[in-house]
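Visitor: I am new to this structure. Please take one part and walk me through it closely.

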Amino acid sequence: GAESMHQSFISMHQLPRSNRVRQAVPEDAHGYEVLNDYTILDEIGSGASGTVMLALHSDTQDPFAIKAVSKSRKLKFGRALPSFDIEKEVAVMKKLRHPNIVRLHEVIDDPEEHMMYLVMDYVPNGPMLALTNDEKGSITCRRSSDDNELIGYAKPIAEGLRYLHKRNIVHRDIKPDNILLGNDGNLFIADFGVSEVMPKGGAEANAPSSARGTPAFFAPEQCR
């Protein structure tokens, strides 16, 4: 059952990327949905860019996070994003190999299906500081952290951003929800749904033409 499967999440190993494309099989013998070599256990997150599911590889029993994205998805406020935005996210993630960035292992894309599936590292502890809004509009933190712990988070986040910026990649949505915490205390930058690869040259001339991301975490110059 699901509980015994959860108990097998002792370590996370990287799989070679596969280019195979197959349609999902509705259920396995235990009633779980199966997608190619992955058994879908549960939904562990959702947002503007898609739904994230926890899955086990059927052979190795290693856990993975699978992000399901519509090829013609809609963001908040009903604004549609065409498929090339999704392809851009995939193109960015394929380039990334860094200990502080969530790794993309495989893309499952059946041309007959309206969904695309991104198979990524599963980071078990979720966001480093997940924020929630209550009915009164106040923001609270679901995970308490002291100042020393937060200071320790700064270095791995900066290392991941340094790696991205050296490759002219702008994440454009850095916020606590997109920084994931692993079992060993390591941090991972996640969610490249609005990221952009910038051309080489002057930073000001090549600045993104429109503001994207989460308004509450915009840099001041983006709020004009």
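Guide: Here is a close look at the salt bridges, followed by the strands and cores around them. This is a predicted model, so local features need pLDDT of at least 70, side-chain atom pairs count only at pLDDT 80 or more, and totals for chains, interfaces and linings use all residues. Residues are numbered from 1 along each chain as its sequence is written, and side-chain values use heavy atoms, with hydrogens and water left out.

Start with the charges. Side chains of opposite charge can pair when their charged atoms come close. A salt bridge here is a side-chain nitrogen of Lys or Arg within 4 Å of a carboxyl oxygen of Asp or Glu. By this rule there are 5 salt bridges.

One of them joins Lys67 and Glu89, with 2.9 Å from N to O. Lys67 sits in strand S4 (residues 63-70) and Glu89 in helix H2, so the pair ties together parts that are 22 residues apart in sequence. Helices (H or I, at least four residues) and strands (E, at least two) are DSSP runs, numbered from the N terminus. Both Lys67 and Glu89 are buried. Buried means under 20% relative accessible area, exposed over 50%, and partly exposed in between (1.4 Å probe, protein chains only). The pair has company: Lys67, Glu89 and Asp191 are linked in a network of salt bridges.

Now compare two other pairs. Glu159 and Lys155 meet at 3.7 Å, N to O. They are 4 residues apart in helix H3, about one helical turn. Glu159 is partly exposed, at 29% relative accessibility. Lys155 is exposed, at 57%. Arg172 pairs with Glu196, and their closest N and O atoms are 2.7 Å apart. This pair links distant parts of the chain: Arg172 is in the loop between strand S9 (169-170) and S10, and Glu196 is in strand S12 (residues 196-197), 24 residues apart. Arg172 is buried, with a relative accessible area of 15%.

Go back to S4, the strand that holds Lys67. S4 runs antiparallel to S3, and 6 bridges join them. Two strands pair if DSSP finds at least two bridges between them. Leu54 has Ala65 in S4 as its bridge partner. S3 and S4 form a hairpin with 5 residues between them. In the turn, Gln61 has a positive phi of about 65°. Strand S3 (residues 50-57) is mostly covered, with 6 of its 8 residues buried.

Next comes Glu43, in strand S2 (residues 38-47). Glu43 is partly exposed, at 49% relative accessible area. Leaving aside neighbours within four places in sequence, Glu43 is in contact (heavy atoms within 4.5 Å) with Thr51, Val52 and Met53. The C-alpha atoms of Glu43 and Leu54 are separated by 6.1 Å, though these residues are 11 apart along the chain.

Finally, the cores. A nonpolar core is a set of buried Ala, Val, Leu, Ile, Met, Phe, Trp, Tyr and Cys residues joined through side-chain atoms within 4.5 Å. The largest has 29 residues, and Leu96 and Phe192 have the most contacts inside it. Elements that each supply at least two of its residues include helix H2 (83-94) and helix H3 (147-166). Beyond its neighbours within four places in sequence, Phe192 is in contact with residues including Leu96, Leu164 and Glu89. That Glu89 is the salt-bridge partner of Lys67. A second, separate core has 12 residues, among them Met53, Ile66, Ala68 and Tyr117.
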